[in-house]
Amino acid sequence: GISDNTNKSGTGPTNRPSTAPHHKPGKSYFYPSLKVHKLKRDQLIPGVEPPVRLITALQEGISKKSDVFVATKYLRPLEKDFCQDLLSDTTDALVWLDQIDQNKPMA
């Protein structure tokens, strides 16, 4: 619908939809983040259940706009300064691991 807010000239409503009275958050759900790195080498066997951290996902939630603002305004610069070893969402890491595997001496 059209917002009840008046435009800058005060002559009528804005054409921008208002979500304030109609916003309904999406449905939340949980998904596991497997903590395989917490296992010791001798625990890495088929069938082992690694520790799990449950993550709550709430897309299109009531705080989405503020979450995006905080993430882009404050957290992204911190990430660039303090988390330089993060992997990008590319295949670079897989290519690098494949090269290491190919250069490994045979035992």
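Tyr-74 is a convenient place to enter this predicted model, since with a relative accessibility of 46% this residue counts as partly exposed, falling between the limit of under 20% for buried and that of over 50% for exposed. Its ring is paired with that of Phe-69, the two centres lying 6.1 Å apart and the two planes standing at 85 degrees, and because an angle over 60 degrees counts as edge-to-face, the pair is placed in that class. A pair of aromatic rings is described in general by the distance of the centres and the angle of the planes, and by the rule applied here the count comes to one aromatic pair. Phe-69, like its partner, is partly exposed, in this case with a relative accessible area of 45%.

From this pair the view can be widened to the whole chain. The protein has two helices and two strands, and these elements follow one another along the sequence in the pattern β-β-α-α. Of the 107 residues in the protein, 7% are buried, while the protein exposes about 10,400 Å², of which carbon and sulfur atoms supply 56%. Among the contacts with a separation of 6 or more, 39% are accounted for by residues that stand 24 or more positions apart.

The strands deserve a closer reading. β1 and β2 pair in the antiparallel sense, and six bridges join them; one residue through which this pairing can be followed is Ser-33, whose bridge partner in β2 is Arg-53. Zero of the six residues of β1 are buried, and therefore this strand lies largely in the open.

The surface also carries a nonpolar patch, formed by Phe-30, Leu-34, Val-36, Leu-44, Val-52 and Leu-54, which together have about 610 Å² of accessible area. The elements that contribute two or more residues to this patch are β1, spanning 29-34, and β2, spanning 52-57, so that the patch leads back to the strands that pair in the antiparallel sense. Leu-54 illustrates the link between patch and strand, for this residue is found in β2 and, because its relative accessibility of 57% is over the 50% limit, counts as exposed.

Technical notes
Residues numbered from 1 in each chain as written. Predicted model: local features only at pLDDT ≥ 70, side-chain atom pairs only at ≥ 80, totals over all residues. Heavy atoms only, no water. Patch = residues over 30% accessible without salt bridge, like charges linked within 9 Å, V, L, I, M, F, W, Y side chains within 5 Å. Areas by Shrake-Rupley, 256 points an atom, 1.4 Å probe, with all protein chains shown as cover. Salt bridge = Lys/Arg side-chain N within 4 Å of Asp/Glu carboxyl O. Helix = DSSP H or I, 4+ residues; strand = E, 2+ residues; numbered from the N terminus. Buried < 20%, exposed > 50% of the residue type's maximum accessible area, 1.4 Å probe, protein only. Pairing = 2+ DSSP bridges. Phe/Tyr/Trp six-rings, centres within 6.5 Å; stacked < 30°, edge-to-face > 60°. Contact = heavy atoms within 4.5 Å.
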